[in-house]
Amino acid sequence: MITAGRRVLQFCVLALVAAAVAALGSGPAYRQIPDGTGVLMLTFVHAADRRTECRRLTAEEVAKLPPNMRRVQDCPRERRPLYIELDVDGRTIYRHSLPPTGIAGDGPSRVYEKFVLPAGRYAVDVRLRDTARADGFDHERREDVVLAADQILVIDFNPAAGGFVFR
Amino acid sequence: MPAAPSAGPVALLRRTLRLGFEAIERPLDRLFGPALNPLAQLGALGFFLFWTVAVTGIYLFIFFDTGIERAYESVERVTDAYWFHAGVTRSLHRYASDLMVVMVAAHLLREFAHDRCRGVRWYSWLTGLPIVALLYISGITGYWLVWDRLAQYVALVTSELLDWLGIFGEPIARNFIATGTLTGRFFTLMVFMHVAVPLFLLFLMWVHILRISRPKVNPPRTLAALLLASLVAAALWKPAVSQGHVDLAVLPSPIRLDWFYLPLYPLTDLWSRGAVWGLLAAFFVMFAAIPWLPPLRRAKAAEVDLAHCNGCARCAEDCPYEAIRMVRRTDGMAFPTQAEVNPSLCVACGICVGACPSSTPFRRSEELKTGIDLPDYPLRVLREHVTAAAATLNGPGRILVLACEHGGGGRAARAHGTARVTLPCVAMAPPPLVDFILSKDLADGILIAGCAESACHHRLGVAWTEQRIAATRDPHLRARVPRERVARIWASEFETRRCADELAAMRRRVLTLPPARLRSPHSSSLTEALSSPQPPSPAAMPAKERGNV
């Protein structure tokens with residue numbers, strides 16, 4: 001015969017388990033970055049120029065093509081890698097050549113990098129090369145930014161908006 | 001023959017885990033009783049918690065509003081304005097899903113510890129792995145819907161992990177930073193996933209239990225009610241709350257994590273995303289390999305002897321693994337069906353031998369035959385073992401132990417110097433064997449020592465043995481067998497002391513009993529029985545004798 005006392009004890013054991021689950025289900029707190037720091041994030045998707053320029057096909061070349069596939073230009077799909085540099089207070093913290101995506105290497109290059117920095121004011125300089133030039137950069141932005149604690153400062157790139165965007 | 005215990009690091013790990021479970025399970029046995037012991041109902045409780053999460057989720061969906069701003073506001077309204085019903089329901093939804101993770105993890109560990117994942121049981125183990133994955137996907141997608149700071153953290157880390165796989169054209173993590181690309185359609189997608197994934201999870205839960213008979217998908221009502229009440233108590237004590245509206249320009253830190261669903265997320269700050277994926281892959285590969293670590297040396301599957309099978313279907317009824325089915329008769333005898341064993345499902349537990357009405361050691365035959373038998377441990381050998389073990393008994397208070405190879409009875413008998421016969425499962429011993437031992441005066445008492453009641457290795461062995469002795473299940477122990485000379489003890493391999501105490505107590509009890517005077521159905525001696533000609537086939541036997549020997 002199960003007594004009421006035993007039933008209460010059974011409930012207490014299960015309630016203890018449920019309480020432990022509730023406690024561990026919403027804590028303890030976790031901090032991703034140290035106190036007093038923020039995140040500078042460099043992220044964008046951008047396609048560089050094609051590796052080789054489009055070439056006008058000769059009349060003979062066009063004639064050789066099947067009638068339903070005849071075109072005026074031959075444009076190889078493969079794109080160049082992007083070359084990017086990021087300086088913070090004059091020190092280069094990121095320098096990378098970003099290959100194009102896709103099996104054929106014809107997709108845009110992507111970057112998604114996070115830098116944890118102490119909160120404060122920084123001189124940020126970001127440069128990008130996306131053409132065939134051997135040196136120098138096609139896009140650059142230099143700006144003094146204030147990074148607050150726990151802030152995510154995003155450096156994006158949008159050619160339509162004029163290049164680099166700080167959000 | 002019963003299998004020899006395996007050695008090696010995996011076996012050692014299993015034994016250590018069993019000891020751990022033992023330390024929790026036996027006290028729970030005493031408090032709840034074996035029938036209500038939560039550790040014996042882990043799978044059933046998993047199903048119960050699934051339904052709890054489903055019902056509370058449906059109720060919450062009434063109040064939920066999709067959209068970047070509206071989602072958070074609707075959840076806040078649920079938590080604050082309607083706390084007394086929808087708020088409690090939200091907490092129940094959360095904590096039941098957390099507890100489901102605990103139940104699944106404990107279930108997985110317990111099945112591993114008790115070595116219930118090797119051999120033909122690989123199927124349930126392997127189908128359990130995608131259940132773990134889908135359970136986590138269900139939980140994680142649920143966190144996104146709240147659209148609070150925790151949702152932002154979960155969204156960011158999850159998408160960063162997915163981006164590492166390179167399956168998306170653009171990094172989807174960019175949607176969860178201040179790039180302004182997130183739209184309300186995202187919530188529609190997440191709601192769809194949070195509904196579709198659990199539905200698929202339910203389907204896999206059904207697949208998971210396909211190969212076992214009488215799966216426990218509903219816990220005892222009392223236990224379910226107690227668990228629900230305790231979850232409500234936890235919900236009232238610590239209501240689930242949001243952690244502030246998302247601000248994509250601010251890193252959600254610090255954040256109170258759900259450590260049941262998100263224990264790997266902080267690892268992404270320490271390791272590369274590839275390393276985290278590698279850890280997950282290693283976990284799944286290792287768990288998928290467990291049924292073959294090492295491969296189980298399987299005893300031969302049970303075989304049907306049609307000359308002794310009358311198609312009564314008791315073996316099919318009692319088989320815990322759905323390994324036997326009744327098919328149309330093939331030998332022309334006057335029975336509509338016959339038993340058929342699927343060797344790929346049979347674990348050779350012998351429960352079918354104990355269920356067969358032809359399994360009677362009284363039968364006078366040169367070679368004792370029964371309708372269904374284990375090739376590696378036939379009934380004939382069992383009878384020989386019994387008679388040989390009984391021959392070593394002498395003096396007053398002779399107790400013969402019929403011990404399950406997974407319980408503590410065998411070791412206790414050995415330590416006690418008592419004769420014992422070990423079986424793959426005590427339910428392999430047909431009730432007439434007990435009658436045989438006592439009526440042939442091979443022993444003064446019989447102790448049937450099986451696994452712990454809440455942890456029967458072959459799932460139903462304890463239940464069937466109890467019911468057969470109580471004469472509520474056929475084939476049952478004859479009324480003429482003095483029950484005071486037949487004791488049962490259900491004890492784990494670690495409870496040898498309890499078994500030894502029970503053995504000593506039984507010996508003392510038997511010594512006080514008057515001499516047993518059982519009328520044997522066959523007055524001949526055992527030697528005569530062994531040398532007598534073959535019995536008539538079931539067709540030639542009277543129906544009463546065929547059905548209930």
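Biologist: Into which domains is chain B divided?
Modeller: This is a predicted model. The C-alpha centres of the two domains of chain B lie 45 Å apart. By residue ranges, chain B is divided into domain 1 (9-210 + 220-292) and domain 2 (303-547).

Biologist: How many residues does the contact take from domain 1 of chain B, and how many from domain 2 of chain B?
Modeller: Chain B is divided into domain 1 and domain 2. The contact takes eleven residues from domain 1 of chain B and eleven residues from domain 2 of chain B. On the side of domain 1 of chain B that touches domain 2 of chain B, the residues divide into five nonpolar, three polar and three charged. The count asked for is eleven residues from domain 1 and eleven residues from domain 2.

Biologist: What is the radius of gyration of chain A, set against that of a compact globule of 167 residues?
Modeller: Along its principal axes, the C-alpha trace of chain A spans about 100 × 50 × 25 Å. Of the 167 residues in chain A, 24% count as buried. A compact globule of 167 residues would have a radius of gyration near 15 Å, but the value for chain A is 28 Å.

Biologist: How far apart do the C-alpha centres of domain 1 of chain A and domain 2 of chain A lie?
Modeller: Domain 1 of chain A covers 1-30, and domain 2 of chain A covers 37-51 + 79-166. The C-alpha centres of these two domains lie apart by 52 Å.

Biologist: What pattern does chain A follow when read along the sequence?
Modeller: Chain A has two helices and eleven strands. Read along the sequence, they give α-β-β-β-α-β-β-β-β-β-β-β-β.

Biologist: Which element gives the most to the side of chain A that touches chain B?
Modeller: The contact between the chains takes 32 residues from chain A and 38 residues from chain B. On the chain A side, α1 (4-24), β1 (29-30), β2 (37-46), β7 (109-118) and β10 (152-158) each supply at least two residues. By class, that side has 20 nonpolar, seven polar and five charged residues. The most, twelve residues, comes from α1(A).

Biologist: Which residue is the bridge partner of A:Ala29 in β1(B)?
Modeller: Strand β1(A) and strand β1 (residues 255-256) of chain B run antiparallel and are joined by two bridges. In β1(B), A:Ala29 has as its bridge partner B:Arg256.

Biologist: Which helix gives the most to the largest nonpolar core?
Modeller: In soluble globular proteins, nonpolar side chains tend to be buried together. The largest nonpolar core here has 87 residues, and those touching the most other members include A:Met41, B:Leu49 and B:Tyr95. Among the residues that B:Leu49 touches are B:Ala96 and B:Leu99. With eleven residues, the helix that gives the most to this core is α4 (residues 83-113) of chain B.

Biologist: How many residues does the second, separate core have?
Modeller: Its members include B:Ala40, B:Tyr377, B:Trp464 and B:Leu503. The number of residues in this second core is 74.

Biologist: Is B:Arg149 buried or exposed?
Modeller: B:Arg149 is found in helix α6 (residues 149-164) of chain B. Among the residues it touches are B:Gln243, B:Pro252 and B:Ile255. A residue counts as buried if 20 or more other C-beta atoms lie within 10 Å of its own. Because B:Arg149 has 21 other C-beta atoms within 10 Å, it is buried.

Methods:
Residues are numbered from 1 along each chain as its sequence is written. Chains are lettered from A and ligands numbered from 1 in the order in which they are written. This is a predicted model: local features need pLDDT of at least 70, side-chain atom pairs count only at pLDDT 80 or more; totals for chains, interfaces and linings use all residues. Domain bounds come from an automatic or database domain assignment. Two residues are in contact if their C-beta atoms, placed from the backbone, lie within 7 Å. Ala, Val, Leu, Ile, Met, Phe, Trp, Tyr, Cys and Pro count as nonpolar, Asp, Glu, Lys and Arg as charged, and the others, Gly among them, as polar. Helices (H or I, at least four residues) and strands (E, at least two) are DSSP runs, numbered from the N terminus. Two strands pair if DSSP finds at least two bridges between them. The radius of gyration is taken over C-alpha atoms; the globule rule is 2.2 Å times the number of residues to the power 0.38. A residue is buried if 20 or more other C-beta atoms lie within 10 Å of its own, exposed if 12 or fewer, and partly exposed in between; C-beta atoms are placed from the backbone. A nonpolar core is a set of buried Ala, Val, Leu, Ile, Met, Phe, Trp, Tyr and Cys residues joined through C-beta atoms within 7 Å. Lists of a residue's contacts leave out its neighbours within four places in sequence.
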